Amino acid sequence: MCRLAVLLAFLWLSLPAQATTIIRSSLDDMIGKSTLIVRGRVLRSAAQRNGNQIHTVVQVQVLEQLKGSAAAQVEFVLPGGNLGYLRQAVPGVPEFSAGAEHVFFLWTGKSGRTLLLGLGQGVLDFVKAANGETMVARQAIQAQVVDRGTGLPVDPEAIYMKYAEFRVRVRKVVGGSQ
Amino acid sequence: VRFFVAILAMILAVPSSGYYHFVRYTGPAGATQSVPLKFDVSALPNRTVMVLASDQGAGRVSQPEAFPALLNLIREACQTWNGVSTSDLRVAFGGMYSPATAQTTPGIDLDFEELDPNTQGYGSMITFGQTVNGPNGSFVSVTRSIVRLNRDLRIFATASSGPSFAEAFFLTVTHELGHALGLQHTFTASTMSTDVIRSTALSRPLDADDIAGISTLYPTSTLSERTGAISGRVLFQGTNEAVHLASVVAIRPSGQAVSALTDRDGRFRMAAIPPGAYQLYVHPLPLGRRDTPGDVTLPLDPNGNSVVGSGPFDTVFYQDGGTTRDPRFASFLTVSAGATTENVQFAVRRRTAHRLTEQTTIYSYFGSTAVKPAYVDSTGPNRTIVATGRGGLVSNNTATAGLSVSFLGGTPLIPADGVRPYADSFLAIDIDSASTFASSGPRHLVFSLPDDIYVRPNALILAQTPPQIDAVTVNPENARQAVVFGRNLRGDSRYYFDGIRASVAGSDSLGNPILNIPPGIRGTRSAIAVYNSDGMNSLFVQTAPTHLFETGDSGFLNLRTAAIPAGSESIVEIEGVGTSFTDGLTAVGFGTSDIQVRKLWVPSSNRLLANVWVAPEAAIGPVSVNITSGFQVVTAPLALTIRSAIASAPALSSSIVNAVSGQSGIFPGALITVPGQNLANATFVIGDQAAEVTQATASGVGLRVPANLTPGFALLRATANNEQAVIGLTIEARPPVIASVTGSSNVAVDGSQPVRAGDLVRITVTGLADAGQAVAMSRLRVLIGGIEHPVIEVLPVGDSPASHRLNVILSSQVQSGSQPLTVAIDGRTSAPVNVVVGQ
């Protein structure tokens with residue numbers, strides 16, 4: 001019985017995708033979907049009125065481009081923000097402070113507008129490990145459950161890895177997709 | 001999944017509502033009073049908020065041919081929220097709007113736009129700071145809400161659903177509309193939970209928590225009578241410090257859950273709880289970014305700054321006089337309608353970090369198809385589910401030391417070796433094959449470590465075998481119908497052609513369901529799926545069969561009504577050419593929330609009649625009309641003109657009520673009250689017959705419906721000052737008439753011969769059916785003193801007029817004195833007669 005169950009489990013993993021709805025991604029999927037991945041420093045974050053909505057435009061100084069081709073500065077748009085006394089908040093949308101350094105997963109659509117991939121999912125923070133090593137981390141957020149492409153469950157873990165390993169991972173995924 | 005809100009307010013203080021609403025604390029620093037953001041129901045026409053989809057949507061979505069199906073699913077999502085009987089807010093689909101059209105009436109605009117490939121959409125509320133003092137406390141009034149959905153429809157499709165996005169799209173829209181109405185994320189796996197744990201379905205779209213959330217935000221006057229409440233407080237052990245934003249959950253082992261958040265003082269109040277026995281537990285908000293833990297928008301202080309929640313703590317169940325991590329020792333609290341269980345106290349132990357996962361997704365499998373939520377066929381052989389979370393369960397293909405898993409309530413059973421790591425970081429859980437299931441529905445898992453627990457509501461849904469379609473053929477006797485051949489099809493099964501529900505016309509001689517095929521577009525093909533009420537659907541076990549539409553086009557429109565004054569209601573007649581208007585499927589919109597369709601009649605496939613209300617502040621000028629019928633969408637640009645109101649002109653409202661207390665309906669001979677203005681000197685005609693005015697006031701008139709009208713559609717015309725107002729009415733069949741009431745001794749009931757509790761009451765009624773014809777007791781409803789009395793016998797007793805005798809036993813709940821008695825059949829209610837009830 002137990003062996004049968006293990007066999008079934010293996011079969012599930014090896015069969016093609018027919019999973020239910022999912023919207024979020026593994027790290028590799030994030031790398032694959034992004035049109036631009038950069039390490040950058042936030043220069044400015046400013047809200048703008050757009051009809052009856054507010055958008056926040058974030059300008060980033062590019063320190064290192066990991067995927068895609070970036071100018072010295074890039075900017076992306078987030079829904080919501082603070083405009084005077086008017087406040088528009090979108091849960092899951094990160095707030096950025098000038099001078100903060102992050103890894104950004106960006107996506108530019110046909111309209112030319114650049115967005116943060118998966119909103120709060122698309123930003124990694126830099127942290128120092130106990131041994132002094134530079135790590136990148138993503139706070140856990142509501143995460144993906146099954147990879148639509150493969151049908152396999154994807155662990156929606158918070159990301160916590162050495163930055164050096166992260167760069168290698170990006171290169172590997174990008175290289176594999178070329 | 002996103003929510004979006006704008007606040008600008010000076011706000012009055014009222015007690016916080018407790019549920020997961022969007023709130024702002026008021027008063028001095030640290031104050032615990034708060035106000036929610038919501039629509040002002042009393043300011044909405046007909047207490048109805050309209051949801052409009054952008055008319056640009058078809059050009060924006062990645063698959064324009066799918067747009068009609070999306071409109072139908074948006075409409076179903078509106079009907080879902082509209083169907084909550086304990087909510088005072090009505091929600092209606094208003095068709096398509098043009099972004100250029102000015103709108104003054106609060107409403108919800110839905111549009112598609114380019115979002116990144118990981119975001120399905122978000123919902124939003126916009127306010128300009130108006131604080132309103134309502135009967136249920138103060139609130140910040142929402143002027144408009146916005147829902148944005150990803151234009152790339154591939155994000156809603158799944159491998160198993162094929163070309164049909166029905167369920168995923170519908171659930172996303174229902175969820176986002178919930179945000180737009182004022183609900184936050186919850187953690188009970190309801191529709192307002194994030195997609196990660198959500199366990200609702202197209203065929204069972206709302207959970208108890210969703211219903212409680214909308215009902216406590218927009219309560220009806222009877223909510224507190226029909227449901228119960230639990231209130232209490234959550235404090236940290238040792239310090240007695242209040243725990244802010246702790247999530248308290250009331251849960252039934254084989255039922256649904258209701259939840260609430262604590263305020264700054266650690267207090268909570270869960271209301272709108274269905275009566276029953278519940279266990280309670282409290283858990284911290286899931287780990288996340290500090291500004292949005294668990295994707296919950298934090299309350300704001302009076303300065304607009306977010307007020308963060310208390311740090312993590314141990315999840316515990318409530319036990320009389322204390323708490324426990326072992327659900328077997330958790331106390332049950334009985335929730336009764338109309339009552340509040342108070343002073344439920346939790347003392348929780350602060351933690352330095354979250355230990356166990358708090359957002360665990362659980363799957364079951366049908367063959368190679370992974371299904372979420374985890375449906376388990378209670379009669380099938382496959383009883384293994386798989387859990388995946390953010391850690392704490394499994395690492396490096398090893399289950400966390402000390403981890404145990406059980407179902408709340410102890411069943412179903414999990415065998416000793418039934419919990420095992422799976423594929424490196426997942427947990428497979430076997431359900432004991434010997435488990436029997438007393439009832440279908442949700443079951444909840446408890447993951448336990450020696451120092452922490454995680455409760456996962458709706459971890460699996462026990463259900464029956466999924467439906468399956470073997471074949472669909474066009475009905476040889478009617479080309480607009482299809483016969484479905486399949487397995488596990490049930491009386492409550494829903495059939496969809498892509499996102500458009502097909503009504504069931506009947507069944508063939510072998511019992512196979514016959515469907516009315518939704519109006520289609522020639523040359524297009526749609527996927528057919530069946531959804532059972534327990535959540536199972538045919539896409540779990542098969543690729544959807546398709547139907548090719550060989551005929552059909554959208555046609556075009558002519559409006560016979562050219563203009564309506566602002567601030568009035570009027571009948572609008574629409575003629576279609578080549579159209580396929582279908583009762584129950586056709587929706588009419590005028591492109592703005594300032595124009596509301598109050599009632600729609602579909603006399604034929606090419607003719608519509610609608611009572612249309614126009615807001616007093618509506619923009620003067622032409623508006624477009626758009627009509628959705630199945631896959632057919634047709635627009636008549638600038639076809640109806642809104643003209644300025646004429647101050648002296650009569651105005652009618654279709655909010656007509658029967659003027660007789662205890663009686664409802666508009667039927668020949670009925671006395672009705674018609675609201676309106678400038679009606680005091682008006683003359684009235686109903687269906688080409690003069691209607692007698694029985695009473696006239698500044699706010700309306702009383703009319704007697706002509707006695708010899710034929711049931712069906714009729715126009716009501718009011719004429720005064722050379723102006724006319726016209727609305728449509730449905731004239732119903734006459735209700736029954738109570739001829740006599742006698743007691744068990746067959747003597748008329750009166751002051752000298754009262755009836756008493758336990759007595760037989762004989763009611764002779766005319767108008768139930770033809771002479772000698774039997775009447776099913778299930779069609780009848782007898783109320784005495786407002787108390788329902790089951791009919792124990794019904795007999796034909798007379799021929800001229802045809803009459804029947806109903807026997808009931810007088811309930812002890814009826815108070816003594818003169819009490820009204822009514823008899824209703826199929827919803828038609830008699831005029832009341834008074835009976836004397838003795839002590």
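A residue counts as buried here when its relative accessible area is under 20%. With that cut-off in hand, this predicted model can be walked through, starting with a helix in chain B.

Helix α3 of chain B covers residues 166-181. Of its 16 residues, 16 are buried, so α3(B) is largely enclosed by the rest of the structure. Its length works out too: at 1.5 Å a residue, the 16 residues should span 22 Å, and the end C-alpha atoms are indeed 22 Å apart. Right after α3(B) comes G182(B), which has a positive phi, near 125°.

Next up are the aromatics. Searching the whole structure turns up 20 aromatic pairs over all chains. One of them joins Y375(B) and F540(B), with ring centres 5.5 Å apart. The planes of these two rings meet at 40°, and since tilted pairs are those that are neither under 30 degrees nor over 60, the pair is tilted. The two partners come from distant parts of the chain, 165 residues apart. Y375(B) belongs to strand β20 (residues 374-377), while F540(B) lies in the loop between β35 (525-531) and β36 (546-548). How buried are the two? Y375(B) has a relative accessible area of 2%, so it is buried, and F540(B), at 6%, is buried as well.

Another tilted pair is made by Y422(B) and F426(B), with 6.3 Å from centre to centre and 55° between the planes. Both of these residues are buried, too. Over in chain A, the aromatics gather in a group: F105(A), F126(A), Y163(A) and F166(A) form one cluster.

Rings also turn up with charges over them. In chain B, the charged end of K38(B) sits over the ring of F139(B), 4.8 Å from the ring centre. An arginine does likewise: R264(B) has its charged end over the ring of Y25(B), at 4.9 Å from the centre.

Last comes a threonine in a short stretch of strand. T829(B) is found in strand β61, which runs over residues 828-829 of chain B. Its relative accessibility is 12%, which is under the 20% cut-off, so T829(B) counts as buried. What does T829(B) touch, leaving aside residues up to four places away in sequence? The contacts include G662(B), Q663(B) and S664(B), together with P735(B). T822(B), V823(B) and A824(B) complete the list of residues that T829(B) touches.

How values were computed: Residues numbered from 1 in each chain as written. Chains lettered and ligands numbered in written order. Predicted model: local features only at pLDDT ≥ 70, side-chain atom pairs only at ≥ 80, totals over all residues. Heavy atoms only, no water. Helix = DSSP H or I, 4+ residues; strand = E, 2+ residues; numbered from the N terminus. Expected span 1.5 Å × (residues − 1). Buried < 20%, exposed > 50% of the residue type's maximum accessible area, 1.4 Å probe, protein only. Phe/Tyr/Trp six-rings, centres within 6.5 Å; stacked < 30°, edge-to-face > 60°. Lys NZ or Arg CZ within 6 Å of the ring centre and 35° of its normal. Contact = heavy atoms within 4.5 Å.
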